[in-house]
Amino acid sequence: MPIVTIQVTKEGSGSGRNAVSAQEKAALISGVSQLLLEVLRKPLDSTFVVIEEVETDNWGWGGLPLVEYRKRHAASS
């Protein structure tokens, strides 16, 4: 029984959105489950997918909080 955890930042994918939509989550669940079926032959009804939305304040990258990392990366581009 595979368990897949997907972590994404809680900021949405469009203007004025602060979360991943239900449709986006459904697509992630479907896609990951289908991939496990195709690659590992794991039945859909035995695959669990957990989506965790993490506040950007709780996400770090390159030794920095995410927002700071993005600011520095944007300035160097």
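**View A. Phe48 sits in strand 2, residues 48-54.** Strands here are DSSP E runs of at least two residues and helices are H or I runs of at least four, numbered from the N terminus. Phe48 is partly exposed, at 42% relative accessible area (buried is under 20%, exposed over 50%, partly exposed in between; 1.4 Å probe, protein chains only). Together with Met1, Ile3 and Val50, Phe48 makes a nonpolar surface patch of about 430 Å². A patch like this joins nonpolar side chains (Val, Leu, Ile, Met, Phe, Trp, Tyr) within 5 Å, or like charges within 9 Å, using residues with over 30% relative accessible area and no salt bridge. Areas are Shrake-Rupley values with a 1.4 Å probe, and for residues only the protein chains shown count as cover. This is a predicted model, so local features need pLDDT of at least 70 and side-chain atom pairs count only at pLDDT 80 or more, while totals for chains, interfaces and linings use all residues. Residues are numbered from 1 along each chain as its sequence is written, and side-chain values use heavy atoms, with hydrogens and water left out.

**View B. Strands 1 and 2 run parallel to each other.** Strand 1 covers residues 3-9, and its pairing with strand 2 takes in seven bridges (DSSP has to find at least two for strands to pair). Pick out Thr5 and you'll see Val50 of strand 2 standing opposite. To get from strand 1 to strand 2 the chain goes through helix 1 (residues 22-40), giving a right-handed β-α-β crossover. Right-handed means that, with the strands pointing away from the viewer, the path from the first strand over the helix to the second runs clockwise.

**View C. Thr56 is tucked into the loop between strand 2 and strand 3 (60-61).** Thr56 counts as buried, with a relative accessibility of 18%. Skip the residues up to four places away in sequence, and Thr56 touches Thr9, Glu11, Leu66 and Val67; a contact is heavy atoms within 4.5 Å.

**View D. Arg41 and Lys42 share a loop: Arg41 lies between helix 1 and strand 2, and so does Lys42.** Arg41 has a phi near 60°, positive even though the residue isn't glycine. Most residues other than glycine have a negative phi. Arg41 is exposed, at 74% relative accessible area, whereas Lys42 is partly exposed at 31%. Lys42 and Pro2 are 40 residues apart along the chain, but just 7.6 Å separates their C-alpha atoms. Pro2 is also on the contact list of Lys42, along with Leu36, Leu37 and Thr47, once neighbours within four places are left aside.

**View E. Glu55 reaches Lys10 in a salt bridge, with the closest N and O atoms 3.7 Å apart.** The two ends come from distant parts of the chain, 45 residues apart: Glu55 is in the loop between strand 2 and strand 3, Lys10 in the loop between strand 1 and helix 1. Glu55 is partly exposed at 40%, and Lys10 also counts as partly exposed, at 32%. For a salt bridge, a side-chain nitrogen of Lys or Arg must be within 4 Å of a carboxyl oxygen of Asp or Glu. The count by that rule is five salt bridges.

**View F. Arg70 and Glu11 form a salt bridge, closest N to O 2.9 Å.** Here too distant parts of the chain are linked: Arg70 is in helix 2 (residues 66-76), and Glu11, 59 residues away, is in the loop between strand 1 and helix 1. Both are partly exposed, Arg70 with a relative accessible area of 39% and Glu11 with 26%.

**View G. Within helix 2, the side chains of Arg72 and Glu68 meet in a salt bridge of 3.0 Å, N to O.** The two residues are about one helical turn apart, because they are four places from each other in helix 2. Arg72 counts as partly exposed at 48% relative accessibility, and Glu68 is in that class at 29%.

**View H. Ser30 belongs to helix 1.** Ser30 counts as partly exposed, with a relative accessibility of 46%. Follow the chain for 23 residues and you get to Glu53, whose C-alpha is 18 Å from that of Ser30.
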